Amino acid sequence: MKACKNVSEYTNGEMDNQSDGKRDLLMIVGPCSAESENQLRTTASMIRRSKVPVSFFRAGVWKPRSQPGNFEGAGDAALEWLKNIRDEFHLPLITEVANARHVELVLEAGFDAVWIGARTTVNPFYVQEIADALKGVNKPVFVKNPVSPDLNLWLGAIERIEEQISGTVYPIHRGFSVTGNSRFRNRPVWQIPIELKTRRPDLNLICDPSHIAGRREYIQEVAQKALDLNFGGLMVETHHNPDAALSDAGQQVLPTALREIFLELKFREYVELTDEKAEALSSFREQIDKLDVHLLELLAERMEISSKIGEWKHDNSVSVLQPERWSFILKRAQSRGGDMGLSREFLDQLFKAIHDESIDRQTTLPRHFGAKKNVSNERNG
Ligand code: PEP
Ligand code: MN
């Protein structure tokens, strides 16, 4: 594991009167895509005037679009434009790379960092090709989460890059593809970056509220949530004329709005458990600890009964899955839990997990299948 660099090392902005925490945030700002030299220059100049600290100026040179026919970035020509912007405004550059050719061109142009997009992280062949092309490079590489909520795939991509480069690798949470209705373009599943941080405490998490939100009015809320969860930086798509942007128009913000978002962010200090401030939490934590033990006892008791039901179903040739019963349990949880102030999403996840475990128990009864199996490990196979 590599030690994490202090994010402020990259920050060369000058905003007065900011708390140290905010000053240390790693900020990646700039348009979704490079459209023209003029667009980049106007945006960069407005960002500089906003005085938001900038660690990297972003612009997609080659844009992976879900559908053909959409604007795919200006391509190779944009590399020269961006070099000019860097020299004019002293802005370190970052762009997306999706293959070895992109890496070669970007390194030749002297970019300061690269990111791997969500549609590339899903494919270990592409990630390995990029990692090999980056061999020995001492620059930060940012790895967006894959489009599906697959922590192993994300971590695997991070490790492939780490094996080849001497620079720091940063994971970026940009949300996951959505099916059905959602307020967000890409649903944030905070549990996944939290689990990543638990497995790899040395990694510094970055959040991309723009691609999570999909709409500029939600960016503040998502960015704040990320900070509350100790994320170390933000990538915010910023454009001099967002509504006229050739890609992701609805989620890009004006540099003046970026300043508002930045100023509005509340930075909470991360305190170690030994800190005095943590002492004040101890009585709440004692209550939580007792309740957690109680919850575990209740869950274990529920699973015991579930196993007995499983035996009974087996002996009476009744199928394990009873859709009406499951539907009744879920609806009752949603209704009663909702009355108790618990969110629908949380109740759905919790009861689906409980039901899943019950079903597993009932389909692998020890009496009929020999020794008790570790069902959850098996499922992860
Ligand atoms: C982007 O940052 O412009 C981009 C395409 O992001 P993602 O890979 O997260 O969709
Ligand atoms: Mn974009």
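Me: Are C32 and D248 buried or exposed?
Reply: Heads-up: this is a predicted model, where local features need pLDDT of at least 70, side-chain atom pairs count only at pLDDT 80 or more, and totals for chains, interfaces and linings use all residues. Residues are numbered from 1 along each chain as its sequence is written, chains are lettered from A and ligands numbered from 1 in the order in which they are written, and side-chain values use heavy atoms, with hydrogens and water left out. With a 1.4 Å probe on protein chains only, buried is under 20% relative accessible area, exposed is over 50%, and partly exposed sits in between. For C32 and D248 alike, the call is buried.

Me: Which residues coordinate the manganese ion (ligand 2)?
Reply: Donors here are N, O and S atoms within 2.8 Å of the metal (3.2 Å for Na, K and Ca), and water isn't among the atoms, so sites may look incomplete. The distances run from 2.1 to 2.4 Å. The coordinating set is C32 (SG), H211 (NE2), E237 (OE) and D248 (OD).

Me: How many residues apart in sequence are the parts that C32 and D248 tie together?
Reply: The donors follow the spacing C-x178-H-x25-E-x10-D along the chain. Helices (H or I, at least four residues) and strands (E, at least two) are DSSP runs numbered from the N terminus. C32 sits in the loop between strand 1 (26-30) and helix 2 (37-50), and D248 in the loop between strand 8 (233-237) and helix 11 (255-264), so the pair links parts whose separation in sequence is 216 residues.

Me: In what order do the strands of the closed barrel run?
Reply: Two strands pair if DSSP finds at least two bridges between them. Here eight strands close up with parallel pairing. The order is 1-2-3-4-5-6-7-8.

Me: Which residue of strand 8 is the bridge partner of L26?
Reply: Strand 8 runs parallel to strand 1, joined by five bridges, and parallel to strand 7 (206-207), joined by two. On the strand 7 side, I206 stands opposite G233. L26 has its bridge partner in strand 8 too, and that partner is G233.

Me: Which residues of strand 8 point the other way from G233, M235 and E237?
Reply: Strand 8 is mostly covered, with five of its five residues buried. G233, M235 and E237 point one way. Pointing the other way, and buried as well, are L234 and V236.

Me: What is the bridge partner of T95 in strand 4?
Reply: Strand 3 (93-96) and strand 4 (113-116) pair in the parallel sense over three bridges. In strand 4, A113 and W115 point one way, V114 and I116 point the other, and all are buried. T95 has as its bridge partner V114.

Me: How much space lies in the second largest cavity?
Reply: On a 1 Å grid over the protein atoms alone, a cavity is a set of points where a 1.4 Å probe fits but can't get out, a pocket is an open set with protein on both sides within 12 Å along at least five of seven lines, and lining residues have an atom within 4 Å of a point. Grid points are joined across faces, edges and corners, and a volume is the space filled by probe spheres set on the points. The structure holds two cavities of 30 Å³ or more. The second largest has about 40 Å³.

Me: How many charged residues line the second largest cavity?
Reply: The lining is L107, F111, A113, V114, L134, V137, K139, P140 and V141. Ala, Val, Leu, Ile, Met, Phe, Trp, Tyr, Cys and Pro count as nonpolar, Asp, Glu, Lys and Arg as charged, and the others, Gly among them, as polar. That gives eight nonpolar, no polar and, for charged, one.

Me: Which helix gives the most to the lining of the largest pocket?
Reply: This pocket has a volume of about 1100 Å³, and of its 25 lining residues the closest to the centre are P188, V189, W190, E345 and Q349. Elements giving two or more residues are helix 8 (191-199), helix 10 (219-228) and helix 15 (344-363). With six residues, the top contributor is helix 15.

Me: Where does the largest pocket lie relative to domain 1 and domain 2?
Reply: The bounds, 7-264 for domain 1 and 276-380 for domain 2, come from an automatic or database domain assignment. The lining has 12 nonpolar, four polar and nine charged residues. Both domains give residues to it, so the pocket's place is between them.
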